[in-house]
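Open the model in your viewer and keep the selection tool handy. We will go from one selection to the next, with a short note on what is there.

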Amino acid sequence: MMELSKCDDFIEEKKFDWNKYLTARNAEKVPEDFFHHVCKSELNGIEEGSIVEIENDDQSGYWFATVCSSKGALLNLHYFGDENDQHNFKLEIMSPLIHSLNWGSENDKKLIPPHPERFTRFSNPKVVKEKVEDCEHVLSNTVLQMEGAPIYNIFKCGMLVEVQDKEYPYHVWISKVLKNVGGRLFLQMQGIKSPEKEPFWLFYLNERVFPLGWAEQKGLPWRVMNLDAHLENCIDSNVLLNVLKPKTPEHHSYKVGEMLEVINPYSFMIFYVASIVKVYDNRYFKVEVNNESDVDKRISFVATKENPYLFNAGWASKHKCLLKPPSDWDQPYKFSWSKYVVAKNLKFACVDNLCRKHIDNIRIGMKLEAVDPLNTDCIRVATVKGFADHWMFLSFDRTSCSQELIHIRSVYSDEIFPVGWCNKHKYSLSVPKLPFNDSNEFEHCYYSSDVDIDLSQSNQEHFTKYPNYLKGEINYHFSNKNKINFDDGFEEFVESNIMNDEDCEIDIIKEIKSDDEYEDNDNVNKDDDNKNEDDNKNEDDNKNEDDNKNEDDNKNED
């Protein structure tokens with residue numbers, strides 16, 4: 001027993017051999033270009049269109065140049081104002097000739113074109129500077145000093161960012177970077193009044209992450225909520241202003257009271273009935289999940305049009321997912337959207353669930369690394385089980401198929417990673433132990449990534465052990481697991497056209513109508529069965545009466 005323990009420890013200390021595992025499981029990995037957030041984090045942070053200053057070879061002055069492309073430590077440049085596209089030139093980032101903006105003016109250098117005959121239209125230095133000031137992309141000196149290293153390396157422990165509040169979109173909280181793993185930041189909100197007391201993980205490209213000073217720069221209604229936080233011993237974070245560039249959300253058309261389906265954003269397993277409870281403006285709104293009869297205990301979150309947790313009514317049923325009935329559904333039969341909406345006099349929200357990401361090269365059975373919703377500190381070996389619109393169905397590789405935790409991730413999620421990501425960034429990956437599946441006998445496959453779930457535990461015990469899960473959700477998942485069916489026929493690939501509101505409404509009606517027809521068919525079958533039972537009973541009664549009558553007649557004759 002002691003020898004086995006030592007062997008296990010030795011295996012855990014070594015890097016996980018993905019190649020051996022894929023071979024043993026006869027599986028492929030999800031292509032790396034599928035993970036856009038990871039690909040972007042590996043770039044050098046120098047965007048196409050950025051402006052730099054290039055010192056002339058004779059050091060007589062400098063001129064502006066535009067970045068046409070960049071790869072690693074090599075830049076493809078073009079002098080500003082030169083209309084001949086053939087005059088591109090290349091320089092390494094560490095070249096002493098490349099500088100960030102304002103270098104020339106700070107060092108009393110004159111703005112002199114390197115080849116005057118090419119810049120007849122821009123001979124006036126004042127006009128040139130005005131044109132440069134209108135450019136969006138500014139390349140900071142800090143990024144240049146990284147010499148082409150991946151941009152995620154710019155985040156240092158002790159730096160500060162602003163994190164968006166979950167309940168109100170224009171409130172942000174100053175948060176400190178405690179750890180940086182390949183751009184996945186371990187953050188701690190500062191101040192005693194912060195809503196999130198425990199540290200949490202967010203990828204630096206997440207929509208909730210803003211650079212320090214963002215709220216002050218934007219002005220009202222943006223507001224920093226913890227100005228009283230002690231910010232001593234923090235690293236200068238101004239360099240992040242040129243790295244963190246949040247996108248403005250698209251306009252939405254949601255209205256208060258509209259109904260939809262929402263997946264639990266903490267477990268990604270169970271769907272719930274939800275409604276729009278507040279519209280802040282044409283970019284942000286608030287969603288409340290009907291998971292508890294007590295309104296104060298319900299899950300709610302700020303959302304945008306691009307939010308991946310929102311679904312049309314009937315989506316879960318259409319895709320064979322578990323939809324938990326709302327707390328005010330007291331009917332003895334299966335939940336029906338059409339009956340619920342009519343009874344409550346409600347309206348449907350129209351959610352655009354089309355996928356705009358190319359997923360044709362992703363197949364069922366492929367492997368990847370994914371964050372465990374039960375424990376966000378943990379990243380596990382995962383397998384693709386199916387697709388539906390912009391969602392992937394995943395499961396963690398484990399021993400017991402009867403306890404397979406099927407959960408759902410958006411194809412845009414920043415909590416999924418390519419094979420080998422944890423090894424590359426020296427982060428612990430919860431992995432299967434040897435001998436993987438070399439033996440045909442299933443019992444020889446052992447997993448250290450197993451989540452031991454005792455279904456005999458009470459709801460309270462589950463809630464204590466798995467705080468990110470709703471009370472009783474694990475039990476609900478397994479007690480209804482036989483309703484889920486994933487197979488090759490389940491895989492769906494979306495069309496390229498976007499539905500308009502009318503088409504969306506028709507699609508919702510079709511989904512809930514088919515669901516109701518299924519239920520009505522069940523009721524018709526039950527009625528037929530009852531009718532047949534009554535007919536058989538009447539026939540038996542008539543037969544018994546005839547037999548009794550014949551018996552009495554024979555008795556009288558005797």
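Start by selecting Glu-47, which is partly exposed at a relative accessible area of 31%. Now add Lys-245: the two form a salt bridge whose closest N and O atoms are 3.0 Å apart. Lys-245 sits in the loop between β11 (223–224) and β12 (258–263), and Glu-47 in the loop between α3 and β1 (51–55), so this pair ties together parts that are 198 residues apart in sequence. Lys-245 is partly exposed too, at 38% relative accessibility. Bear in mind as you click around that this is a predicted model.

Next, select Lys-286 and Glu-167, another salt bridge, with 2.9 Å between the closest N and O atoms. Because Lys-286 belongs to strand β14 (residues 285–289) and Glu-167 to the loop between β6 (160–164) and β7 (171–181), the bridge ties together parts 119 residues apart in sequence. Is Lys-286 buried or exposed? Its relative accessible area is 18%, so Lys-286 counts as buried, the cut-off being under 20%. Glu-167, at 33%, is partly exposed.

For a third pair, pick Arg-363 and Glu-28, whose side chains meet in a salt bridge at 2.6 Å, N to O. The two are 335 residues apart and link distant parts of the chain: Arg-363 is in the loop between β18 (347–348) and β19 (367–372), Glu-28 in the loop between α2 (18–25) and α3 (36–41). Arg-363 is partly exposed at 40% relative accessibility, and Glu-28 is partly exposed at 45%. The count of salt bridges comes to twelve.

Now turn to the nonpolar side chains. The largest nonpolar core has 81 residues, and Phe-34, Ile-54, Leu-77, Ile-154 and Leu-368 touch the most other members. Colour domain 1 (50–146) and domain 2 (151–236): both give residues to this core, so it lies between them. Zoom in on Leu-77 and show what surrounds it; beyond its neighbours within four places in sequence, its contacts include Val-52, Ile-54, Phe-89, Leu-91 and Ile-98. Another core, of 22 residues, lies apart from the largest one; try selecting Val-273, Trp-315, Leu-323 and Phe-393, which are among its members.

Finish with the cysteines. How many disulfides does a search of the whole structure find? It finds zero. Select Cys-422, where the nearest cysteine sulfur, that of Cys-378, is 8.8 Å away. Cys-422 is buried, with a relative accessible area of 0%, whereas Cys-68 is partly exposed at 25%. Cys-68 is also one of the residues in contact with Leu-77.

Note on methods: Residues numbered from 1 in each chain as written. Predicted model: local features only at pLDDT ≥ 70, side-chain atom pairs only at ≥ 80, totals over all residues. Heavy atoms only, no water. Disulfide = S-S within 2.5 Å. Buried < 20%, exposed > 50% of the residue type's maximum accessible area, 1.4 Å probe, protein only. Core = buried A, V, L, I, M, F, W, Y, C linked by side-chain atoms within 4.5 Å. Domains from an automatic or database assignment. Contact = heavy atoms within 4.5 Å. Salt bridge = Lys/Arg side-chain N within 4 Å of Asp/Glu carboxyl O. Helix = DSSP H or I, 4+ residues; strand = E, 2+ residues; numbered from the N terminus.
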